[in-house]
Amino acid sequence: MNPDTSNIIGSKGSQGDFIKQQFFKYGKYWYWFVITVILFLILGVLYLRYQPKVYASTAKIKILNKGKGLELPTAAFVFSRSNINLANEIEVLKSYRIMEKVVRELDLTMEYYDVGSIRTTEISGFPFELLKTIDNDSIGWGSYTIDVKDYGLDIYSGDSETPIVIPEYNTYKVKHKLPFEIKVNNNLNIKSYVGKSYLLRLIPIKEATKKLKGQINISVIGNNSDLLQINYSGESVHKLEMVINTLIQIFNRDGINDRQEVSRRTINFIDERFNYLARELDSIEGEIKDFKQENNLISLEANAALEVGQMNESEQLVYDVENQIMLSELLIETLNETDSISDLLPSNIGLESGDVNSLVSQYNDLIFERNEFGVSAMENNPTVKLLNSKIADVKENINASLKAYKNQLEASRRSFESRNKKFTSQVSTLPGKEKVFRAIQRQQSIKESLYLFLLQKREEAAINLAITEPSVKVVEYALSNSIPISPSSKNVYLTAIITGLALPFGIIYLVFLLNTKVKSKRDVELVIPDVPIISELPMVKDHHLVFVDPNDTSTQAEAFRILGSNVNYLISSSNQKIDVDKGKVIYCTSTIKGEGKTYVALNLSLALSSLNKKILLIGADLRNPQIHNYVQKGISKNTAGLSNYLHDPKFDWKKSLLKGFEKHNNHDILISGNIPPNPAQLLTNGRFEDLLNEAREIYDYVIVDTAPTILVTDTTMISQFADATIYLIRANYTEKNLLEFSKGLHDSGRLKNMGYVLNGVTAGKSYGYNYGYSYGYGSNT
């Protein structure tokens, strides 16, 4: 086949053509798309109307670095990023312990619902007062429906159909076994709630905590952030915000309590040590008191100074006494050695005895007086003698006084020495006492230092307890969007539209996928890209003849005119030598019967006849002839025709020609004739070729309606006589696997100059037939 032919007649469509084909392919069923989209939009509206609205509440907090009270931050703390482990903080926030505190504080073991005729919506509380009368730990599963009547309340427990009637909207006036009490406030207009129903659900504390734990979602905002985002969704906006804010408060209090607990434990420990240290100090002070009392101590230094002073004083007294003794002995010795009465005694030599000093002074005075007399008087002078006698007496008295004074000094010395020994002994015990006393003082000092240190630490702990910083900084308290996150009207409508489009598309696609029939020329091009599709014929409800009137301007008529033009081009563009002065032979065949080859052959011949061409239509399907059904009524399929000519050499085929259409004077028909027992032999005996050669001389076109190729070999045995072969494929009738058979006929050259015609194409499957064909022709009259 000439490449130009492929480009002009049978070239494969571009990507744009394929998209356009697919658009028209599915666009044929546009009404299904419209119906399903409208249906799903209605379902979406109903879904949005009756589906509970779910709102989202979000809060943001910053986890603060847990400092150490008054202590200064270290360099690592100042110059490094926060060392907070946010994953740990998230786990603490979502811990069962924290969640249970939230449940208990907000009493989430009770859930409140507003019961509507179709939708039941969770609310944050009832319009009347409700007081739970059982402990949280005693709560089990339970539900109570409360109907507001004009006379009071009807309360149904679980699935019970017998109500507990509460007159005057006050359970306190009725004996009942309900786990709660209800009372309507005086300022509430209860009449406006008559006819409403409410549902109360009781949930065990454990299950309520687990439910809350599963609903709270906590995430980190950013990669290098200390911020956490808390998300919680539900039907009641007030409850959402209340739960999140309470969770933040409890988490903050928990962190504060953890740090305050350290301070409290520190204070308690220090207080316990204070009691111990106080007892210890009291014991030490008592020991000091006893030690001082036992040792007559005022203070160690003062007593030491006193005893050393006494010892020194005692030693000085002993020294002074010994000095007096020595002076006494010296004076006695001087007195005894003095023989002369005229010798004076030393006076004022340091003796502290007044008697002795007085006697010595008296003695010396007598000596002076005697000596004065001795110069002028003699020894025998009575005055001298008297004076000598007095001197001797005084001397004796001095001697006696000295001896007495000496004895007195000896006694004093012994007394002072004894006293000195006592003082010396006391002083010698001072180091031992000091050692013991210093040991006691050391214990006292240690206890006092520890007491003061603990007192300081207690004050620090008390200050830290009083000024404990919060655990979190609330960046944003719980905020709820006024637009529910579920159901999202935009998503619901978008889903409805997509589903409304996808559902029919999927069903149609599945139908196409499961349909093994040829639907469009695209199916043919994918299998046989080398054979041109020279025409697509629109589908008609019944195979009526199109060109009864040569001037027909219908869509089918234009399609056959196009087919005629394309067949001419297919013949002229082929590589075979064509005698322009002779007629052209065109075969019409198909794979199986029912694909419309007879219908196409007849209408093609009439289309060419309407162009004032001489046309001969030959019915060469000797096994199942059909042309006689389209021509004059009353003609039998056994009327003489082609089979008679092929069998009888004397038969004149020209005399068997029929004029089937009044307005087509140039159109002749040679029907199949009697059905022979051996059509293949007849077609190959050479007379069929002679017939075609004769017809070429008379007619412009010879249209041959041949037998289906897959059933019999009649067509392939005479295919060499054709100038062009029109191979019929019927949309939604021909199986795709049969295309391989026709492809094999083309590739092997068993059919000459073949071109496909796709018959029975609907307007939605092959674009172009629903517009443009009537342009310029006006109405068909």
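The following paragraphs describe the overall makeup, salt bridges, selected residue environments, cavities and backbone features of a predicted model.

Residues are numbered from 1 along each chain as its sequence is written. In this predicted model, local features need pLDDT of at least 70 and side-chain atom pairs count only at pLDDT 80 or more, while totals for chains, interfaces and linings use all residues, and side-chain values use heavy atoms, with hydrogens and water left out.

The chain contains 21 helices and 19 strands; these are DSSP runs numbered from the N terminus, with helices (H or I) of at least four residues and strands (E) of at least two. Of its 781 residues, 42% count as buried, where buried means under 20% relative accessible area, exposed over 50%, and partly exposed in between, with a 1.4 Å probe and protein chains only. The accessible surface of the chain amounts to about 41800 Å², and 52% of it belongs to carbon and sulfur atoms; areas come from the Shrake-Rupley method with a 1.4 Å probe, and for residues only the protein chains shown count as cover. Among contacts (heavy atoms within 4.5 Å) between residues at least 6 apart in sequence, 78% join residues at least 24 apart.

A search of the whole structure found 19 salt bridges, each defined as a side-chain nitrogen of Lys or Arg within 4 Å of a carboxyl oxygen of Asp or Glu. One of them lies within a helix: Arg104 pairs with Glu100, with 3.0 Å between the closest N and O atoms. Both residues belong to helix H6 (residues 96-106) and are four residues apart, about one turn of the helix. Arg104 is partly exposed because its relative accessibility is 32%.

A salt bridge also joins the side chains of Glu111 and Lys211, at 2.5 Å from N to O. Since Glu111 lies in strand E2 (residues 110-115) and Lys211 in helix H7 (residues 205-215), the pair ties together parts that are 100 residues apart in sequence. Glu111 has a relative accessible area of 4% and is therefore buried, whereas Lys211, at 35%, counts as partly exposed.

In the salt bridge between Lys597 and Asp621, the closest N and O atoms are 3.1 Å apart. This pair links distant parts of the chain, with Lys597 in helix H16 (residues 597-609) and Asp621 in the loop between strand E15 (615-619) and helix H17 (642-647), 24 residues apart. Lys597 and Asp621 are both buried. Elsewhere, Arg97, Lys101 and Asp254 are joined into one network by salt bridges that share partners.

Two buried residues were examined for their contacts. Ile90 is located in helix H5 (residues 86-93) and counts as buried because its relative accessibility is 12%. Leaving aside residues up to four places away in sequence, Ile90 touches Ile218, Val220 and Leu228. The C-alpha atom of Ile90 is separated by 7.7 Å from that of Ser219, a residue 129 places away along the chain. Ser610 lies in the loop between H16 and E15, and its relative accessibility of 17% is why Ser610 counts as buried. With the same sequence neighbours left out, up to four places away, Ser610 touches Phe547, Pro550, Arg561 and His664.

Two cavities of 30 Å³ or more were found in the whole structure. A cavity is a set of points, on a 1 Å grid over the protein atoms alone, where a 1.4 Å probe fits but cannot get out, and lining residues have an atom within 4 Å of a point. Grid points are joined across faces, edges and corners, and the volume is the space filled by probe spheres set on the points. The largest cavity holds about 50 Å³ of space. Its lining includes Gly619, His628, Lys637 and Asp705, and divides into three nonpolar, five polar and two charged residues. In this scheme Ala, Val, Leu, Ile, Met, Phe, Trp, Tyr, Cys and Pro count as nonpolar, Asp, Glu, Lys and Arg as charged, and the others, Gly among them, as polar.

Most residues other than glycine have a negative phi, and most peptide bonds are trans. A cis peptide bond joins Ser486 and Pro487, with omega about -5 degrees; Pro487 lies in the loop between strand E12 (472-480) and helix H13 (489-514). Glu168 has a positive phi, near 60 degrees, and is found in the loop between strand E7 (164-167) and strand E8 (180-183). Glu168 is exposed, at 53% relative accessible area. For Asn612, phi is also positive, near 65 degrees. Asn612 lies in the loop between H16 and E15 and is exposed, with a relative accessible area of 63%.

How values were computed: 1 Å grid on protein atoms, 1.4 Å probe; cavity = no way out; pocket = protein on both sides within 12 Å on 5 of 7 lines; lining within 4 Å.
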